[in-house]
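Welcome, and please open your viewer. We will move through the model one selection at a time.

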Amino acid sequence: MDFSFTEEQKKFKQEVRDFLEDEVKRGLWKPSCDAWIQSYDPEFTKRVAAKGWIGLTWPREYGGQGLGFVERVILTEEMLRYGAPAACHWFSDRQIGGAVLEYGSEEQKKDLLPKIIKGELYCGLGMSETEAGSDLASLKTRAAEDGDDYIFNGQKTWTSGGSFINYVYVLARTDPEVVKHKGISEFIIPLDLSGISRIPMVDITGTEAWNDVFFDNVRVPKKYMIGEKNKGFYHVMAELAFERSGMERLMGNYPLFDALIKFVMETRDGGKFLAQSDVIRQKLAQLQVEFEIGRLFMYRVAVVMEAGKAPTVEAAMSKAYATAFEQRVANFAMEILGPYGLLWMDSKYAKIGGLAAHSYLGSKGYSLQAGASEILKNIIAQRGLGLPA
Amino acid sequence: MNLSLTEEQEILRQSARDFLEEKCPKSFVKEMEQDEKKYSPELWKEMADLGWVGLAFPEKYGGSDMNFLDLAVLLEEMGRACLPSPFVASVVLGGLPILDAGSEEQKAKYLPEIASGKAIFSMALIEPELGYEATAIKAEAKAEGDSFVINGTKLFVPYGNVADYLLVVARTSKNAEGVTVFIVDAKSPGIKVTLLSTMAHENLCEVVFENVKVSGNNVLGGVDQGWPVIQKALERNDAARCCEVAGNFGWVMEDTIAYVLDRKQFGRPIGSFQVLQHYCADMSTYLEGTRLAAHQAAWAVSEGLPSTREVAVAKAWINQVSATFFNLAHQMHGAMGVALEHDLHFYTTRAKAVELGYGEGNYYREVVAKDMGLA
């Protein structure tokens, strides 16, 4: 048992920190909450790509670095600590590349992976539909075989990637005659195919980070299908473990947590600093304890992945736990700030950058996307503990 | 980063589990609850013969030179079995501080006795007014020539009524940290030990010292230099107890799953109901968090790294989640869970005893707050 990083890993962590520190110093962007999913900055993504930090775990033959999942968590942990605007490449790096590596053809690997690694392929995730959320297998978007193509019709919702996406990952029904989860296939398709349209969705924070994506008789060449036909649902179950696995579930609002700790140390209430209040000390220490447990969960997922196993149960547990933690952080920040917590970041009276209002609202979405906490607990109970489905 | 046990540790775990399943069934745990000693000297001897008691001590003192992580493996199995034994008291609170701070003469004299299980050691630290800082030590040791005379009352002394020696913490100066640790023969005149009656049937004693004379040779780690010895001992004790809790939780989890699969209501196993499945998922999350935190704490101790933060995180976490963990376990066991004929109560009470020993949740959260720099 060893909970420490190797010397190389420590060096790598420092290198990532130095890079991000320098970016912040140069004023290239401002740290923010949920930046991994909401802050799109293609230039930042290209600078990260130039460091070789996209596709870190992928084989060298496809342009990756061949490093481990622990290294990837080290990288993402620092990105999140600094609230870096990594949304353009986050999804492709986290799960699209992995899906291509696992299920894609050699041709697809050679086509798609270098584009992701160079920071040029921004892929949204087209899974949910208006009638298919937690019950993903009931999705209706139809991909009907027609010669060398599939004809797509239907609608995806909550497709991530904002207005920056140039590719979209789509789960579509390729066989409507069989049991619902046995007729689904995976596609990664360029967004510029004729017949695809996109309407931005505005979420409770006012952010346009998601889309409704419509497919109206879109002719999709077969080469865009990833993996075997009608096996998509089985693939996606494994990919979702990757989607759930990451440090972003715990550290999406780390900039708020960090700023809150500084705030209570610098702010007086009467003669005393807020940090001298026993109630505040106790509560913040409790959150810190919960954070450190969450961090152990996240690294455990990476260690499981490193061993070549799908972290199905571990990732379900870490995500359900961590998104609830983020909600507690945001709520406690609001409690500390009182009515100041209501102010958006553009108000001259906003405290700690207006991060609290954004995170308080934003954190409500994270216990839903990529598996609602209830679904995740089903996974823990049924696949982890062997209770009947 | 590696979260697995070594092959040797896996073997140790399995052999410990097999041994304890045979030697420490719940009928034995129950029997010991009524026993004045609260442990079986015969079983203790068997454990010593297996090398468990000496495991963490160097070979030259009769130990087998293994590390704290190896010890953690054993502790987890002991927690899982609800084993009543003076293991933690004698090895962790008694022996390891002597290894840390003892003179060569003290180590040569006492450690082989501890490692072989021949002598039982414990620590007399806590006093009736509670408090886990040096300032809480009011028992006094006055110098008289080459000796000291100890007066005071110590509470919650584990295995105090069977200990051969006690590490007694007493005040030797008015400075906040002016306390000294003495290695005291428990049979010395003036020592009166009374077993306390507790919820978990732990062996916890009141030990009253009335003009107890101790030779200056029995000072451990220097006069007025006792507090750092105690801090280190407590940190290690906490890490050890967290590992025991991890084992305790592990048994409760398995037992609860077995129960909800077996118990039928409305014509189906109650474990098929989603509400109960989610309770189980929550318990599993608390358990896994506890395991990771306890292992991290034990690892930091084992490596000799600064471990204050890791230990406090583990203990604060356990104290935070334990009540909910057991409430859920009991809720799912229905009324059977509160019946003495079911085994769950052994775990409910012992987990609570560990939680409340040497610092409640608030105490450990304050340690974390300080370490975070919250001024």
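The tour below goes from a whole chain to its domains and then to the place where two chains meet.

**Before you click**

This is a predicted model, in which local features need pLDDT of at least 70 and side-chain atom pairs count only at pLDDT 80 or more, while totals for chains, interfaces and linings use all residues. Residues are numbered from 1 along each chain as its sequence is written, and chains are lettered from A and ligands numbered from 1 in the order in which they are written.

**Stop 1: select chain B**

Colour chain B by pLDDT, the predictor's confidence in each residue, from 0 to 100. The mean for chain B is 97, and 100% of its residues reach 70 or more. The model as a whole scores ipTM 0.96 and pTM 0.96.

Now switch to a cartoon view: chain B has 11 helices and 10 strands. Helices (H or I, at least four residues) and strands (E, at least two) are DSSP runs, numbered from the N terminus.

Along the principal axes, the C-alpha atoms of chain B fill a box of roughly 80 × 50 × 40 Å. How many of the 375 residues in chain B, as a percentage, are buried? Buried residues make up 51%, where buried means that 20 or more other C-beta atoms, placed from the backbone, lie within 10 Å of the residue's own.

**Stop 2: colour the domains**

Give a colour each to domain 1 (7-119), domain 2 (122-225) and domain 3 (228-371) of chain B; these bounds come from an automatic or database domain assignment. The centres of domain 1 and domain 3 of chain B, taken over C-alpha atoms, are separated by 22 Å. Their contact takes 20 residues from domain 1 of chain B and 24 residues from domain 3 of chain B. Two residues are in contact if their C-beta atoms, placed from the backbone, lie within 7 Å.

On the domain 1 side, select α2 (26-33), α4 (68-81) and α5 (87-101) of chain B, which each supply at least two residues. α4(B) gives the most, with nine residues.

**Stop 3: bring in chain A**

Show both chains: their contact takes 35 residues from chain B and 34 residues from chain A. On chain B, select α8 (274-302), α9 (308-333) and α11 (361-371), the elements that give two or more residues to the side touching chain A. Which element supplies the largest share of this side? It is α8(B), with 13 residues.

How values were computed. Buried ≥ 20, exposed ≤ 12 C-beta atoms within 10 Å, placed from the backbone.
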